[in-house]
Amino acid sequence: MGETSETGLLAQVPDGLYIAGEWRAARSGRTFGVTDPSTGEVVKEIADAAVEDGVAALDAACEAFPSWSRTPARERAELLRDAYDLIQERAEDLALLMTIEMGKPLAESMAEVRYGGEFLRWFSEEAAHVQGRYGSNPEGTGRMIVTQHPVGPCYLVTPWNFPLAMATRKIAPALAAGCTAVVKPASQTPLTTTLFVRLLADAGLPAGVVNVITTTSSGPVSEAVISDPRLRKLSFTGSTEVGQKLLAQAAAGVLRTSMELGGNAPFVVFEDADLDKAVDGALAAKFRNIGEACTAANRFIVHASLAEEFARRVTDRVREFRTGRGTEEGVTIGPLIDERAVDKADELVQDALANGARLRVGGGRIDRRGTFYEATVLSDVAAGSRILREEVFGPVLAITRFTDEDEAVRLANDTEFGLVSYVYTRDLARGQRMVERLETGMMGLNVGVVSNPAAPFGGWKLSGLGREGGAEGIHEYLQTKYTLTPDPFA
Ligand code: NAP
């Protein structure tokens, strides 16, 4: 893509807050710059919301709620389906925008557009399938009616690593359920969400149903919205640390919450695994999204009999990777999101090396403009190394060994997180035992990527609460009412 088309695309992205169906400047008139991590340059200035803008967005969501919640489900479904179609039409633009502001290679941005778009299609299908029940009470003295109702205005907070999919994964089920929303994208990647919401508006979204606030004051703005008694639901994707803070704030209003938080995924390769498939799966599980995924495999726990061969094969493949700006042909590893992310990856690598790990490839920053880190493979990583405890969120593959199944389970579960686990084995019974023994919300059994809009995505332990996607996803935005009436024949 040439510079002109990038400039033209950036010019099409609204630079205001979207409140009550209008693009507005922040009341203070303040703006902030969005940076391309591959160059460090500011690509666009957009409105920087303060507390009063957040409250205005919630006002709009509250005002729109009565009419949107009564809009027939079929109409809501059709709007979501139209938005899905518009995403397909604008797929290349959305992908390019994502690459510019987040850094991932264009092919991966395109994959996210497809994945993110699917939440609109999935929840357009779910919207009309929300059901209640009716029946006699056991005593026969009355009729019990159970109905589902939209929970109310929602606050949806998203991270920078999947700027489209994390937004559609929340907005689509909220709208399908009849809820209205205030959306707060990450300050590092607000442009993709903003363009997406413009598409929603083009699809006919009524004013106030979705409102977007972009801000560098996420703490105070969020606190004001979350503590407002009119808000009924908080859905957050991001770090466990921030999630815990927001959960504490949500406690005062006893808000419904969905929390998609950090991960520390184990990737276990048993001695009976198909090694070719395990290597393919490992590369996908580790290096997709430059390693900046909550589902990224963080600890490769490989049977001692295969560890050397596994390390050799993944290293050979990693040597073929090309690092660069995500718009360049053939690039497989883009920049990390910022300098802090590079520092973190490097700290964890240096700590592992100091503890005796063996460096197979990579292991350092790349001396060029932008925040690049080399795709890295470490083997023989010692117990106690930080990289086995902390989410690296970068292109670093760390291998450690085990000798029997109990040890593999112990190592895999030795984390406060429980988002996803990957297991490679040809032994069906062993695979089933692992499904039962691993403390994890999701599992890839002989596959390296599990995400699917039709599946319940979410974690155990400090990885979160609730599920996004699947039949479960819409229920995060619904509340149940039970009504009793007397026996009509009495
Ligand atoms: P983060 O720092 O927690 O930020 C996430 C969101 O919270 C952003 O919109 C951010 O806004 C906002 N935020 C930050 N501090 C806040 C505060 N004090 N009060 C209110 N809002 C605040 O996380 P991140 O670095 O963007 O994302 C990486 C993390 O997300 C990783 O841990 C990853 O595992 C997790 N993640 C989880 C899932 C999942 O589904 N489980 C999916 C993707 C990512 P600003 O941009 O303004 O800081």
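Student: How many bridges join β11 to β21, and in which sense do these strands run?

Tutor: The two strands are antiparallel and are joined by 2 bridges; strands are said to pair if DSSP finds at least two bridges between them, and therefore β11 and β21 qualify as a pair. Before going on, note that this is a predicted model, in which local features need pLDDT of at least 70 and side-chain atom pairs count only at pLDDT 80 or more, while totals for chains, interfaces and linings use all residues. Residues are numbered from 1 along each chain as its sequence is written, and side-chain values use heavy atoms, with hydrogens and water left out. The names of strands (E, at least two residues) and helices (H or I, at least four) refer to DSSP runs, numbered from the N terminus.

Student: Which residue of β21 is the bridge partner of M259, and which residue stands opposite M259 in the pairing with β10?

Tutor: In β21 the partner is L465, whereas F236 is the residue that stands opposite M259 of β11. Strand β10 (residues 233–237) runs parallel to β11, and 5 bridges join them. Between these two strands the chain passes through helix α9 (residues 240–252), in a β-α-β crossover that is right-handed; that word applies if, with the strands pointing away from the viewer, the path from the first strand over the helix to the second runs clockwise.

Student: Why is strand β11 called largely enclosed?

Tutor: A residue is buried under 20% relative accessible area, exposed over 50%, and partly exposed in between, using a 1.4 Å probe and protein chains only. In β11 (residues 256–260), 4 of the 5 residues are buried, so the strand is largely enclosed by the rest of the structure.

Student: What makes β18 a mostly covered strand, and which residues lie on each of its faces?

Tutor: In β18 (residues 420–424), 5 of its 5 residues are buried. One side carries V420, Y422 and Y424, the other S421 and V423, and all of these are buried, which leaves both faces covered.

Student: Which strands pair with β18, and over how many bridges?

Tutor: Strand β12 (residues 265–269) pairs with β18 in the parallel sense over 3 bridges, with F267 having Y422 as its bridge partner. Strand β19 (residues 442–445) also pairs with β18 in the parallel sense, over 4 bridges, and there M443 is the bridge partner of S421. The path from β18 to β19 goes through helix α14 (residues 428–437), and this β-α-β crossover is right-handed.

Student: Is S463 buried or exposed, and what does its side chain reach?

Tutor: S463 sits in the loop between β20 (460–461) and β21 (464–465), and because its relative accessible area is 0%, S463 is buried. A polar atom of the S463 side chain lies 2.6 Å from the backbone oxygen of G262, and the side chain also reaches the backbone nitrogen of G418 at 2.9 Å. A polar contact is a pair of N or O atoms within 3.5 Å; within protein, one must be able to donate a hydrogen and the other to accept it, and residues adjacent in sequence count only if both atoms are side-chain atoms. Not counting residues up to four places away in sequence, S463 touches several residues, among them M259, E260 and L419, where contact means heavy atoms within 4.5 Å.

Student: Why is N446 called partly exposed, and what is notable about its phi?

Tutor: N446 has 34% relative accessibility and therefore counts as partly exposed. The residue is in the loop between β19 and β20, and its phi is positive, about 70°, although N446 is not a glycine.

Student: Which residues come nearest to the ligand, and which polar side-chain contacts involve its oxygen atoms?

Tutor: There are 30 residues around the ligand, of which T158, S187, S239, L261 and E391 come nearest; a residue is near a molecule if one of its heavy atoms lies within 4 Å of it. An N or O atom in the side chain of R169 is 2.8 Å from a ligand oxygen, a polar side-chain atom of K184 lies 3.0 Å from a ligand oxygen, and one of S218 lies 3.2 Å from a ligand oxygen. On its own the ligand has 900 Å² of accessible area, of which the protein covers 86%, areas being computed by the Shrake-Rupley method with a 1.4 Å probe and, for residues, with only the protein chains shown counting as cover.
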